[in-house]
Amino acid sequence: MPLPLPLYLLALAVFAMGTSEFMLAGLLPDLARDLGVSVGAAGALTSAFAVGMVIGAPLMAVLARGRSGRSGLLGFVLVFLAAHVAGALTSSFGVLLASRVVAALANAGFLALALTTAIAMVPADRTARALAVLLGGTTVATVVGVPGGALLGAHAGWRAAFWAVAVLCVPAALGILRGVPAAEPSPEGPSLRAEFGVLREPGLARVLVLAALVNAATFGSFTFLAPVVTGPAGLTSSWVSAALMLFGAGSFAGVTAAGRLGDRHAGRVLAVGGPLLLVGWVALAALADRPAVLPALLFVQGALSFAVGGTLIARILYEAAGAPALAGAYATAALNVGAVVGPLLAATVLGRPTGPFLLSAGLVAAALAFAAVSGSRRGGPASRC
């Protein structure tokens with residue numbers, strides 16, 4: 001039985017939002033010149049978006065609590081669209097920075113609500129597949145959206161990339177309006193205090209930590225692939241986009257595979273994928289100066305990162321079943337804590353070009369050690385999440 005069409009419409013919105021989140025990496029020099037600020041100052045736009053995602057996930061989920069999935073999702077998409085229109089029109093860096101914060105809040109709220117809406121659309125034994133489709137929007141953004149945004153910005157200016165994201169939101173909004181059920185949620189359910197209280201449960205706290213560590217490893221290295229490609233690998237800057245696309249293509253393959261396996265074999269995906277992920281980061285650090293093997297390693301590591309990370313996101317939603325309104329917010333926050341912390345830590349080890357890969361290996365090793373210790377305390381196998 002195929003997955004419901006509205007799920008793919010949600011993935012389209014996630015694709016637009018993922019493109020917006022990552023596309024600034026290729027637009028900052030042009031944007032900084034146009035607005036009369038330094039490239040370093042323009043980099044605050046990326047940090048503001050990431051922090052807005054972390055803070056916005058629980059905040060927006062609380063504000064959307066008690067509303068139908070359709071009205072909440074539609075509202076977040078329209079706010080996201082309006083923020084990009086404002087960003088494309090402004091000549092003020094301050095206004096652009098504010099628009100990025102607003103867009104991040106809307107993105108966080110949308111993703112948190114979309115995660116819980118997605119699992120409500122399918123039977124329990126198809127949850128992982130549904131989440132794979134949704135998270136696939138983010139991985140496709142790294143393969144197509146981010147390089148496409150950078151290319152569009154290079155030929156038509158950075159504002160064109162903002163307009164393109166706004167245009168992508170239109171079919172997503174129409175699809176949500178027509179495809180997502182309008183039925184109001186049942187008024188019965190746990191109180192807000194009880195939903196926040198779920199965070200004290202050891203199982204949920206454990207998986208949140210694991211997801212944050214694994215995603216920190218992923219985004220720490222993904223953010224700084226360019227210095228490796230043009231440094232140890234000895235390739236020209238034109239290969240940077242290809243490297244990003246290879247990692248993104250692997251990410252899509254990994255999240256798709258995890259979706260197929262995660263509903264019945266989540267423990268095996270984590271037990272096998274976790275150690276392989278560690279080996280992969282070490283291999284990348286050791287073989288980064290060999291351009292013949294670097295592309296294959298990037299693809300494989302992208303696949304492993306998102307297979308393990310996507311499975312952990314699914315486990316968060318399972319462990320947070322007692323917080324139906326905030327479960328998606330917890331998953332979104334864990335993912336974005338990794339997206340914020342990983343690059344910040346990786347930036348401290350850039351004195352060595354392969355430093356981010358070694359840091360990622362250390363973060364995954366910490367996750368495996370934490371899983372083993374916390375698993376033994378729970379009296380179960382270390383791979384169980």
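This report describes two buried residues and one surface patch in a predicted model.

**Two buried helix residues**

The table sets out the helix and the relative accessible area for Ser-221 and Trp-158.

| Residue | Helix | Relative accessible area |
|---|---|---|
| Ser-221 | H10 (residues 202–223) | 1% |
| Trp-158 | H8 (residues 158–179) | 2% |

Ser-221 counts as buried because its relative accessible area of 1% falls under the 20% cut-off. Within helix H10, which covers residues 202–223, the side chain of Ser-221 makes a polar contact with the side chain of Ser-360, at 2.6 Å. When residues up to four places away in sequence are not counted, Ser-221 touches Trp-281, Pro-356 and Phe-357 as well as Ser-360.

Trp-158 is likewise buried, because its relative accessible area is 2%, a value under the cut-off of 20%. Trp-158 lies in helix H8, which runs over residues 158–179, and, once its neighbours within four places in sequence are left aside, Trp-158 is in contact with Leu-27, Asp-30, Leu-31, Asp-34, Leu-35, Gly-87, Thr-90, Leu-96 and Gly-153. Val-209, by contrast, stands 36 Å from Trp-158, C-alpha to C-alpha, with their positions 51 residues apart in sequence.

**A nonpolar patch on the surface**

On the surface, Val-51, Ile-55, Leu-59 and Leu-63 form a nonpolar patch, and together these residues have about 360 Å² of accessible area. One of them, Ile-55, is placed in helix H4, which comprises residues 44–64.

Methods. Residues are numbered from 1 along each chain as its sequence is written. This is a predicted model: local features need pLDDT of at least 70, side-chain atom pairs count only at pLDDT 80 or more; totals for chains, interfaces and linings use all residues. Side-chain values use heavy atoms; hydrogens and water are left out. Helices (H or I, at least four residues) and strands (E, at least two) are DSSP runs, numbered from the N terminus. Buried means under 20% relative accessible area, exposed over 50%, partly exposed in between (1.4 Å probe, protein chains only). A polar contact is a pair of N or O atoms within 3.5 Å; within protein, one must be able to donate a hydrogen and the other to accept it, and residues adjacent in sequence count only if both atoms are side-chain atoms. Contact means heavy atoms within 4.5 Å. Patches are made of residues with over 30% relative accessible area and no salt bridge: like charges are joined within 9 Å, nonpolar side chains (Val, Leu, Ile, Met, Phe, Trp, Tyr) within 5 Å. Accessible areas come from the Shrake-Rupley method with a 1.4 Å probe; for residues, only the protein chains shown count as cover. A salt bridge is a side-chain nitrogen of Lys or Arg within 4 Å of a carboxyl oxygen of Asp or Glu.
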